[in-house]
Amino acid sequence: MLVKRIIMKDGSTGVGSASVTHAVVVIFLEFFAWGLLTTPMLTVLHETFSEHTFLMNGLIQGVKGLLSFMSAPLIGALSDVWGRKPFLLVTVFFTCAPIPLIRISPWWYFAMISVSGVFSVTFSVIFAYVADVTEEHERNTAYGLVSATFAASLVTSPAIGAYLSDNYGDNLVVLVATVIALVDICFILLAVPESLQEKMRLTSWGAPISWQQADPFASLKTVGKDSTVLRMCITVFLSYLPEAGQYSCFFLYLRQVVNFSSTTIAAFIAVVGILSILAQTAFLSVLMKSIGNKNTVMLGLGFQMLQLTWYGFGSELWMMWAAGAVAAMSSITFPAVSALVSHCADPDKQGVVQGMITGIRGLCNGLGPALFGFIFFLFNVKLNDLPSIQNDVASSLEDPTKQRALIPGPPFVFGAFSVLLAFLVAMFIPEQHALAANACNARKNSGSDSSTGQTHNPLPGSDDDIEPLLQDSGV
């Protein structure tokens, strides 16, 4: 069977035309490789920082998140100029670079994780790639498919990694993860075509990028000039902050506080992952069409608030499983927000806007784990001792009423309060049709100017270049 391989005008190559399929394959391989390392990474983290495991984890992730926040606008702006493929290659390469170091040198491994935050913005480029190859009415489903692929990559990879680690050792797990990362890099290099059309690029290779485009704080100032984008960003920050903290310590929390066994945790990840896939594909599409974009975001925030409250006050096994099902439904929030933002941005601004949102998520990836670890420490909920696999059965059979606190998971209660604030902010986001009307009026005004010979093409770095994102239609 012959595969059609296309050589683009700019010299890049790829298999077939740019499509959402290319994006989901890249995402799946990258996070499948990292999912395999769930068990080995917890072990190495505990062995390296046995005294303050989660505080050090928060520090490492904090540095990575800060670097991601600082670099995301620059990478997003550069991808609008030079195309998506080069930055897909760079972000995936540097994100996966620490994987082989986990067995070579743990200290270098954690150092590389921190430094790799500069390029750990794959989702920013992926969402811009998807926006390039889809029509506006198709993006809701496409973004849901990308997020569902992320969940699918984590359905089986932690369980596979734990099985390989228990039976063949961590070295094999690291080797398999490294090979998968290399396959992902080769796939981007050889099979992924460029999605950004040549005529949509703002300039050519080697042209300068203004500091205003690269400065993350300048981007935040620009966001602040448009109240709608500001509300979206605040909603993302308040909702993703507890999600990032929950992701960093949740599986260990299930083992030590709720007494889940390793097998039960693997089953839990698989079930919640499958439900998340269903939520982000079938349910997301239906909800977008039936209740609208904004209401879908608010519904997702409601589910997230409920599951965090349940995790915070619940202590029985069935409560964790029920809250897991609710957590799967809450996964519709971020693709819904991304779709809402993409509808409001011009085609040449997709990378900048998605880079800004991804940068905020990167900042939360740093603050969330540190915040959750500090709250666990503040309430004297110790998560430092990693139980051995031989003790899993004994842990599961312990007296469930022994030393049970009134609030077993204080950080989750704090997270629920943070999501409540996000819900209140989201209530003031205008409906999608109002945003579309504003964008349409802006385009009409731009068209009338050009018809009278008064073109409006702001130079990079000029005052016109920092208009509110939702109203900036000058290209």
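A residue counts as buried when its relative accessible area is under 20%, as exposed when it is over 50%, and as partly exposed in between. The legends below apply these classes to a predicted model.

**View 1. Surroundings of Thr122 in helix H7.** Helix H7 comprises residues 122-133, and Thr122 belongs to this helix. The relative accessibility of Thr122 is 3%, so the residue counts as buried. The Thr122 side chain forms a polar contact with the side chain of Glu30, at 3.2 Å. When neighbours within four places in sequence are set aside, the residues in contact with Thr122 are Ile27, Glu30, Thr91, Val92 and Thr95. Glu30 thus appears both in this list of contacts and as the side-chain polar partner of Thr122.

**View 2. The salt bridge between Arg84 and Asp132.** The structure holds two salt bridges, one of which joins Arg84 to Asp132, with 2.6 Å between the closest N and O atoms. Arg84 lies in the loop between helix H3 (53-82) and helix H4 (85-96), whereas Asp132 lies in helix H7; the pair links distant parts of the chain, 48 residues apart. Arg84 counts as buried because its relative accessibility is 0%. Helix H7, which carries Asp132, also contains Thr122 of the preceding view.

**View 3. The salt bridge between Arg103 and Asp170.** Here the side chains of Arg103 and Asp170 form a salt bridge with an N to O distance of 3.9 Å. Arg103 is located in helix H5 (residues 101-104) and Asp170 in helix H9 (residues 170-190), so the salt bridge ties together parts that are 67 residues apart in sequence. With a relative accessibility of 40%, Arg103 counts as partly exposed, whereas Asp170, at 15%, counts as buried. Side chains of opposite charge can pair when their charged atoms come close.

**View 4. A nonpolar surface patch involving helices H13 and H15.** Val271, Ile274, Leu275, Leu278, Phe283, Leu317 and Trp321 make up a nonpolar surface patch of about 590 Å². Helix H13 (262-291) and helix H15 (317-330) each supply at least two of the patch residues. H13 provides the largest share, five residues. Among the patch residues is Phe283, which is found in helix H13. Phe283 has a relative accessibility of 46% and therefore counts as partly exposed.

Key. Residues numbered from 1 in each chain as written. Predicted model: local features only at pLDDT ≥ 70, side-chain atom pairs only at ≥ 80, totals over all residues. Heavy atoms only, no water. Helix = DSSP H or I, 4+ residues; strand = E, 2+ residues; numbered from the N terminus. Buried < 20%, exposed > 50% of the residue type's maximum accessible area, 1.4 Å probe, protein only. Polar contact = N/O pair within 3.5 Å; in protein donor to acceptor, adjacent residues only side chain to side chain. Contact = heavy atoms within 4.5 Å. Patch = residues over 30% accessible without salt bridge, like charges linked within 9 Å, V, L, I, M, F, W, Y side chains within 5 Å. Areas by Shrake-Rupley, 256 points an atom, 1.4 Å probe, with all protein chains shown as cover. Salt bridge = Lys/Arg side-chain N within 4 Å of Asp/Glu carboxyl O.
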